[in-house]
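Colleague: Before I look at the model, could you take me through how to read its cysteines and its strands, beginning with the general idea each time?

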Amino acid sequence: MSSEIRKVTGTGVPLVLDDIDTDRIIPARYLRCVTFDGLGDHAFEDDRQQDESHPFDDARFASGSVLVSGRNFGCGSSREHAPQSLLRWGIQAVVAESFAEIFFGNCTSLGIPAVCASRADLEKLAAAIETDPSTELTVDLENCTVSCGDLTAEVTIPESARTALLTGQYDFLTQLLEASEQIATTGKAIPYFTSFA
Amino acid sequence: MSERKNLFNKVWDLHTVREMPSGQTQLMIGLHLIHEVTSPQAFQMLRERELRVKYPDRTIATVDHIVPTDNQARPFQDLLAEEMMSAIEKNCDEFGVRLLNLDDNRQGIVHVVGPEQGLTQPGMTIVCGDSHTSTHGAFGSIALGIGTSQVAHVLATQTLALSRPRVRKVEVNGELGSGVYAKDVTLHIIRVLGTQGGVGFAYEYAGDVFERMTMEERMTVCNMSIEGGARCGYINPDQTTIDYLRGRPFSPEGEAFEKAAQWWLNMASDVDSEFDDVYQIDAADIEPTVTWGINPAQSVGVSESLPAGESDQEALDFMDLQGGQPIKGQKIDVAFIGSCTNSRISDLREAAELVKGHRVAEGVRAMVVPGSQQVLQQAEEEGLHTVFSDAGFEWRAAGCSMCLAMNPDKLQGREMCASSSNRNFKGRQGSPTGRTLLMSPAMVAAAAIHGEVADVREMLEPAHT
């Protein structure tokens, strides 16, 4: 069983942009691999090449583990390589205005809390990180807050994901395997599983 | 049993194994499609846990993302791609999964192959480690893109842990104008509802526009549901669906087919079934549509000019376009007809019809990549390959090609590509600074001939210009 995830505390990385898609998080050419090892080096590779001041290349945020972003983070492809690359880069939680759903699900199954905050709070968090990159942020799943210095803001996360992370049951495979009898029963009741016999 | 149930809820309820401690549903999966990019790590997870594939006959694999579309001799020149090919071959062999490999004439883009083989059927739950799995919703199935950990879950248990989305009916009624295709309908929906408009929803596409569409057109629409943020999209099965499936290799046969057809029709949304939301669009408002930005909602009708708002600036800068400029007349460098959105035989026929008797404009690199070996074979029987080749298009082998450029087909530098694919994200087509204009295959053909974005309606109806 995975470990319980109640809180993530660490310094931040500010990247408050909207519609950051998974091709930007990990360009497709890095999906030419048979393991997820090494993906961390290529997170935001092309954005970093084109923007010298990209936060992922900024020494001030090099040890950041809480990513602060904007609306519709992780849209596009279903590639789990995207959260895998963030995780291997060192990101342990993402706070954004909203998430694309497949990306959100992939984060949860890797034990990365992906929580939503208001735009105003995200901008305050980003400003606080910019002002003092050594400031720690805490994403607290028990109280559904993100705090940073004097600021404590509410965050939201679907209850099922929150429960799974808090109880350490976000690796669903073990749970899914438990229902093998029910799986067999359900299959028998679905007409096409029995070739419409 | 509640009356007035929509298809989504009927299918979901039928496939529900149980409610999980997290509150999610453990959902039975009817068809699991696999490809070479998102599966190797999943098979490794099975090995590490000493698990087998639970329902190998409900699992089928093909290769599409990394295959070259010109020289397919093995080993591939790209050794990383070769390693992935070897991995899927080994994994399918070891775990007893059927693989439609390059030497099998059923190989192709996974979302083209499933339907054409009759694997995709109404009332099913279908998953694949690929976001464009939504394509299969065209048959009235719940079709979801999933991550690699979830691929492992389905391999090992034939189930997934999922939260039930709400269902929005997106109705499009009226007559589509000449030169307005399924691609324009889906681009228009994404434009009006936004890239995030569908988050939390499954889309039911309803209304007479979809009812009149062929299965291939319906696939184009459902394919891009994910670009609008929806978890999936579907169209209710009807006689068009049944006629398409009759006689396909994996369709039921004889009496079983008649039983299946009856069941499929019964799975359609009940008359007056309830929805969490309804959105209506008038078909007359839809023009041939072209994206100008870096997400698929950033589009205009071909007769419109680009917006110039503050929030548009990042995209305009990346594309090197000006707010207020018309999209028509925008020069292109590359024309690409292909991808799981638009690489089926009807797409190629429409494009070929426009191309016939014309030449690709000087300086434009143009290519046609059929979605599957079956599409390729059909097109060659009809002589479409000659039409394209004579006009100056390259005629390629089946694969994902330049839609995501994980293979040798890529944009170079700042090239501007008129593309029938589904994503215009920064760097999507293989050059980090390359630029993509999404449009219908017919519009790509028109752009290839003119060397710039053109209005396909002027080629279809020259008398009106």
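Modeller: A disulfide is taken to be a pair of cysteine sulfur atoms within 2.5 Å. This is a predicted model, in which local features need pLDDT of at least 70 and side-chain atom pairs count only at pLDDT 80 or more, while totals for chains, interfaces and linings use all residues. Residues are numbered from 1 along each chain as its sequence is written, chains are lettered from A and ligands numbered from 1 in the order in which they are written, and side-chain values use heavy atoms, with hydrogens and water left out.

Colleague: How many disulfides does the rule give over all chains?

Modeller: The count is zero over all chains. A:C33 is in no disulfide, since the nearest cysteine sulfur, that of B:C400, lies 16 Å away. For A:C116, the closest cysteine sulfur belongs to A:C144 and is 11 Å off, which is too far for a bond.

Colleague: Is A:C33 buried or exposed?

Modeller: Buried means under 20% relative accessible area, exposed means over 50%, and partly exposed lies in between, using a 1.4 Å probe and protein chains only. A:C33 has 14% relative accessibility and therefore counts as buried, whereas A:C116, at 21%, is partly exposed.

Colleague: Which strands pair with β1(A)?

Modeller: Strands (E, at least two residues) are DSSP runs, numbered from the N terminus, and two of them pair if DSSP finds at least two bridges between them. β1(A) pairs with β5(A), residues 136-140, in the antiparallel sense over five bridges, and A:T11 stands opposite A:E136 there. Four bridges join β1(A) in parallel to β2(A), residues 66-69, where A:V13 faces A:L67.

Colleague: Why is β1(A) described as largely enclosed?

Modeller: Seven of the nine residues of β1(A), residues 7-15, are buried, so the rest of the structure largely encloses this strand.
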